[in-house]
Amino acid sequence: MSYSAKIGPSILSSDLACLGRECVRMMECGADYLHLDVMDVIFVPNITFGHPMVECLRSCVGPDPFFDMHMMVSRPEQWVKPMAAAGANQYTFHLETTTNAGNLIKEIRESGMKVGLAIKPGTTVEELAPWAGQIDMALVMTVEPGFGGQKFMEDMMPKVSWLRSQFPSLDIEVDGGVGPSTIHKCAEAGANMIVSGSAVVSSDDPRSVITMLRTAVSEAMQKRSLDR
């Protein structure tokens, strides 16, 4: 087993007027990485920020925090080099946005970033499978991308379970409606990278929530190992 439990607060749930400080606060509370949502109004009906903001955040937090860029954009190939230059560590694009995933994966790697591949709820996991051996992480969306605060879609868990059974060493991330009340379903299905927005960021005690989420994933991983 080469993967580990990792918790990544979604900084879009933060106080956007104090984003740099909020990123530092999340890392100090024990976050393993930071999840940054980039939206372009075309692929999803919302808009957030681009590479200039990422560059500012990198300057603010220093070189160590791992930036997982969730690129909810219609032309992901357009932003690979700018995001790499801005300090992104992982570039997660949506399978639905490209007809040439192989070339995009190659370009991301050549830019020095890890590769994440995301699928919306309506996309089958079998469509992602051909690329699983070429990526670092698969992201299974557990809400429709574009807005926070949506209800967790438990019927996405079979996708996670299938990926874990077919690709035992792959990092598998879930994003959308994940918090203390839904983490056990994600962990038992086999997710090891957990994106959590308001459940962590808006908590009175983010450190405790992050610890609870990580413990749930670690315990599920240990049980899976023993059951083999």
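With a relative accessibility of 24%, K6 counts as partly exposed, because that category covers values between the 20% limit for buried residues and the 50% limit for exposed ones. The structure discussed here is a predicted model. K6 is a useful point of entry, since its side chain takes part in a salt bridge with D171, in which the closest N and O atoms are 3.6 Å apart. This pair connects distant parts of the chain: K6 belongs to strand β1 (residues 6-9), D171 belongs to strand β7 (residues 171-175), and the two positions lie 165 residues apart in numbering. The partners differ in their burial class. Whereas K6 is partly exposed, D171 counts as buried because its relative accessibility is 12%, and buried means under 20%.

Side chains of opposite charge can pair when their charged atoms come close. In this model the number of salt bridges comes to 7, and two further examples may be set beside the link between K6 and D171. One of them joins the side chains of K106 and E110, with an N to O distance of 2.6 Å. Both residues lie in helix α4 (residues 101-110); because they are 4 residues apart there, about one helical turn separates them. E110 has a relative accessible area of 58% and is therefore exposed. The other example brings together E77 and R75, whose side chains meet at 3.8 Å, N to O, a distance that satisfies the requirement of lying within 4 Å. Here both partners are partly exposed, E77 with a relative accessible area of 35% and R75 with a relative accessibility of 47%.

From charged pairs the account turns to a nonpolar feature of the surface. V41, I42 and I47 form a nonpolar patch there, and together they present about 320 Å² of accessible area. V41 is located in the loop that runs between β2 (34-39) and α2 (51-61). Its relative accessibility of 46% is the reason why V41 counts as partly exposed, and this value also meets the condition for patch residues, which need over 30%. The backbone of V41 deserves attention as well: its phi is positive, at about 75°, although the residue is not a glycine.

The loop between α3 (80-86) and β4 (90-94) offers a contrast in accessibility. A88 is found in this loop, yet A88 counts as buried because its relative accessibility is 8%. The C-alpha atom of A88 is separated by 6.7 Å from that of M69, a residue 19 positions away along the chain.

Rolling a probe the size of a water molecule over the atoms shows where empty space is left. The largest pocket contains about 430 Å³ of space. It is lined by 27 residues, and those closest to its centre are S13, F147, G148, G149 and D175. Several elements give two or more residues to this lining, namely β2, β3 (67-72), β8 (193-196) and α8 (198-201). By residue class, the lining divides into 11 nonpolar, 14 polar and 2 charged residues. Glycine counts as polar in this division, so G148 and G149, both among the residues closest to the pocket centre, belong to the polar group.

Methods:
Residues are numbered from 1 along each chain as its sequence is written. This is a predicted model: local features need pLDDT of at least 70, side-chain atom pairs count only at pLDDT 80 or more; totals for chains, interfaces and linings use all residues. Side-chain values use heavy atoms; hydrogens and water are left out. Patches are made of residues with over 30% relative accessible area and no salt bridge: like charges are joined within 9 Å, nonpolar side chains (Val, Leu, Ile, Met, Phe, Trp, Tyr) within 5 Å. Accessible areas come from the Shrake-Rupley method with a 1.4 Å probe; for residues, only the protein chains shown count as cover. Buried means under 20% relative accessible area, exposed over 50%, partly exposed in between (1.4 Å probe, protein chains only). On a 1 Å grid over the protein atoms alone, a cavity is a set of points where a 1.4 Å probe fits but cannot get out, and a pocket is an open set with protein on both sides within 12 Å along at least five of seven lines; lining residues have an atom within 4 Å of a point. Grid points are joined across faces, edges and corners, and a volume is the space filled by probe spheres set on the points.
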